[in-house]
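Biologist: I have a structure open and would like to learn how to read its features. Could you take me through them one at a time?
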Amino acid sequence: MATAIYNTLFRRNWTMLGAVFVGAFAFEIGYDNVMNKVWDNNNRGRQWKDIRHKYVEGGDDE
Amino acid sequence: MLARSCLRSTRAFAGLRNGAVHISKRAASSSSSGSAAESPLRLNIAAAAATTVAAGSIAWYYHLYGPTADASTPAEEGLHPTKYPWVHEQWFKSFDHQALRRGFQVYREVCASCHSLSRVPYRTLVGSVLTVDEAKALAEENEYDTEPNDQGDIEKRPGKLSDYLPAPYANDEAARFANNGALPPDLSLIVKARHGGCDYVFNLLTGYPDEPPAGAQVGEGLNFNPYFPGTGIAMARVLFDGVVEYEDGTPATTSQMAKDVTEFLNWAAEPEMDDRKRMGMKVLVVTSVLFAMSVWVKRYKWAWLKSRKIVYDPPKTNNIAPRR
Amino acid sequence: MGFWDTITDLVEAATPWATADAEAPAKDLPEETTADTTTKEEESTKAETETAATEEPAAEEEPAAEEEAEEEAEEEEEEEEEEEPVDPKEELEEECRNSKQCSPAKHHFDECVERVTSAESEGGAKEDCVEEFFHLAHCATQCAAPKLWSVLK
């Protein structure tokens, strides 16, 4: 297992570099998603997207 | 002024210190030269004098620097705003956008007759307070100058989303003239621009007492408000129960309106707050993980150093002759 | 400013009996203006004391009347309730003002009001109750703040 990872990723420089870049992107996407979910959960009902549906159909209730 | 006072204190202090040294010197020399056992009276006098000088200099110093000097009376300073537990001021809480919407309604129907909000364009209202259609309709209610046409004339056109909210007066002079000489401040950054921020604005709006306290001098054309420095404010109380009718059915009490409009003004001052706090939350989580990792790595790397033991093993001295 | 002025200034500032004032002492001028205002204030304060005297018993009756009114409104229509919402801030702060927590501040304020109004009716008070009012208002709002936030949306 460890040798397989070593052989595929760490052996050659360009695979290592690619793995770092791909890993960074993947981590950022995943982390952002999770933290945004945490944020939305913490501020449920307070944000514009939570109350937008009340006003978007009516349009001219102002 | 500062320089003068510094000079004053050092000079006076130096003079006093010289005097003290003189006295103590004299006391010491007299006690040592004369036979001390014979005249305890002189010793006593010396001790009493030294004590008096010490106590006096402390008292004098306290008189100069001890008591706090207030540059203004409490009335001139104004009552410090009471802290309220604003939810949107918590670290990981966004604005309550329903409240922002109510607050914008209060601003438009009450505050906007005197106060401008000149740094807020209609486009920023979209997606946080109004929908696109509402904002466009609102912008079109007002007229704005066009670019000069072929003849160089400037015509009027209905507002667009990129236009800024219209000011109630053409300029500051007109605003002063209309308000008895007092200039209603622009509210775009008012929450950032006042000590106490949201608390100050809320307290100011709701803090008008029914009548000023006995003996208080209220100038002509001014109103008594304890939270305004000097307590005389040109703005009269504007928020009364039921001045506004909220579209979402919230009872429009004075404090409810003041709370909503304060939160709205906070939004106007820092519309980026929601994004900033969300980013801040992410940064704090990542940096705390990284910090924990760095602490662990340091301990790991230093483990050999911290756990080593140095022992002095003296050589056996049996057969070795001591060196000369 | 001459050299001697500097020295006298230094001495003046360092002497133990020196007093520091935030502003220059008032000249004779304000007295004339206050004489005018005090006559007005006498009338107003007399009126105030009268109203205050009548208000105190009325204040006790008011909550009961409000409750009745609210019940009626609830019975009749919801719209009426929306038209005349009652500000919870006033009620909460009134409660706090009369609570044990603020009784020292209220005591001082009441005493000051009494003193000043009587002095004014005799001809010119030399103080005001702003500071006492500040302490009372601060105590009341601070006590009412969390309660108020639990009521408001």
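Modeller: Happy to. Let us begin with cysteines: a disulfide is called when two cysteine sulfur atoms lie within 2.5 Å. Keep in mind that this is a predicted model.

Biologist: Then why is Cys198(B) not in a bond with the closest cysteine sulfur?

Modeller: Because the closest cysteine sulfur, in Cys111(B), is 14 Å from the sulfur of Cys198(B), which is too far for a bond. Cys198(B) is also buried, at 2% relative accessibility. Cys114(B) makes a good second case: its closest cysteine sulfur is in Cys111(B) too, at 9.1 Å, and that is again too far for a bond. Cys114(B) is partly exposed, with a relative accessible area of 27%.

Biologist: How many disulfides does the count come to over all chains?

Modeller: Three. Take Cys96(C) and Cys143(C), whose sulfur atoms are 1.9 Å apart. Cys96(C) sits in helix 4 of chain C and Cys143(C) in helix 6, so this disulfide ties together parts 47 residues apart in sequence. Both ends are buried: Cys96(C) has a relative accessible area of 1%, and Cys143(C) has 9%.

Biologist: Which residue does the disulfide join to Cys102(C)?

Modeller: Its partner is Cys139(C), with an S to S distance of 1.9 Å. This pair links distant parts of the chain, 37 residues apart: Cys102(C) is in the loop between helix 4 and helix 5 of chain C, and Cys139(C) is in helix 6. Cys102(C) is buried at 0% relative accessibility, and Cys139(C) is buried at 14%.

Biologist: And where in the chain are Cys112(C) and Cys129(C)?

Modeller: Cys112(C) belongs to helix 5 of chain C, while Cys129(C) lies in the loop between helix 5 and helix 6, 17 residues away. Their disulfide has an S to S distance of 2.1 Å, and both cysteines are buried.

Biologist: What does the torsion about the S-S bond say for these links?

Modeller: It gives the handedness. For Cys96(C) and Cys143(C) it is -70°, a left-handed link. The torsion for Cys102(C) and Cys139(C) is about -90°, so that disulfide is left-handed. Cys112(C) and Cys129(C), with -100°, form a left-handed link as well.

Biologist: What pattern do the disulfides of chain C follow?

Modeller: Count the bonded cysteines along the chain, and the pattern reads 1-6, 2-5, 3-4.

Biologist: Let us turn to charged side chains. How should I read a salt bridge?

Modeller: Look for a side-chain nitrogen of Lys or Arg within 4 Å of a carboxyl oxygen of Asp or Glu. Over all chains, the structure holds 15 salt bridges. One of them pairs Glu93(C) with Arg97(C), at 3.9 Å from N to O. These two are four residues apart in helix 4 (residues 88-97) of chain C, so about one helical turn separates them. Glu93(C) is buried at 9% relative accessible area, whereas Arg97(C) is partly exposed at 25%.

Biologist: Which residues are linked with Glu93(C) and Arg97(C) in a network of salt bridges?

Modeller: Lys89(C) and Glu94(C) are linked with them in that network.

Biologist: What about a salt bridge that links distant parts of the chain?

Modeller: Try Glu127(C) and Arg115(C), whose closest N and O atoms are 2.7 Å apart. Glu127(C) is in the loop between helix 5 (103-123) and helix 6 (130-151) of chain C, and Arg115(C) is in helix 5, twelve residues apart. Glu127(C) is partly exposed at 33% relative accessibility, and Arg115(C) is partly exposed at 38%.

Biologist: Can you show me one in chain B, with the burial of each partner?

Modeller: Arg276(B) and Glu270(B) meet in a salt bridge with an N to O distance of 3.0 Å. Arg276(B) is partly exposed, at 41% relative accessible area, but Glu270(B) is buried at 15%.

Biologist: How do I read chain B as a whole?

Modeller: Start with the secondary structure, which comes to eleven helices and four strands. Of the 324 residues in chain B, 32% are buried. The chain exposes about 19,900 Å², and carbon and sulfur atoms supply 58% of that area.

Biologist: One last feature: what does the side chain of Thr15(A) have a polar atom 2.7 Å from?

Modeller: The backbone oxygen of Leu9(A). Thr15(A) is placed in helix 2 (residues 13-42) of chain A, and it counts as buried at 13% relative accessibility. Leaving aside residues up to four places away in sequence, Thr15(A) touches Thr8(A) and Leu9(A).

Notes
Residues numbered from 1 in each chain as written. Chains lettered and ligands numbered in written order. Predicted model: local features only at pLDDT ≥ 70, side-chain atom pairs only at ≥ 80, totals over all residues. Heavy atoms only, no water. Buried < 20%, exposed > 50% of the residue type's maximum accessible area, 1.4 Å probe, protein only. Areas by Shrake-Rupley, 256 points an atom, 1.4 Å probe, with all protein chains shown as cover. Polar contact = N/O pair within 3.5 Å; in protein donor to acceptor, adjacent residues only side chain to side chain. Contact = heavy atoms within 4.5 Å.
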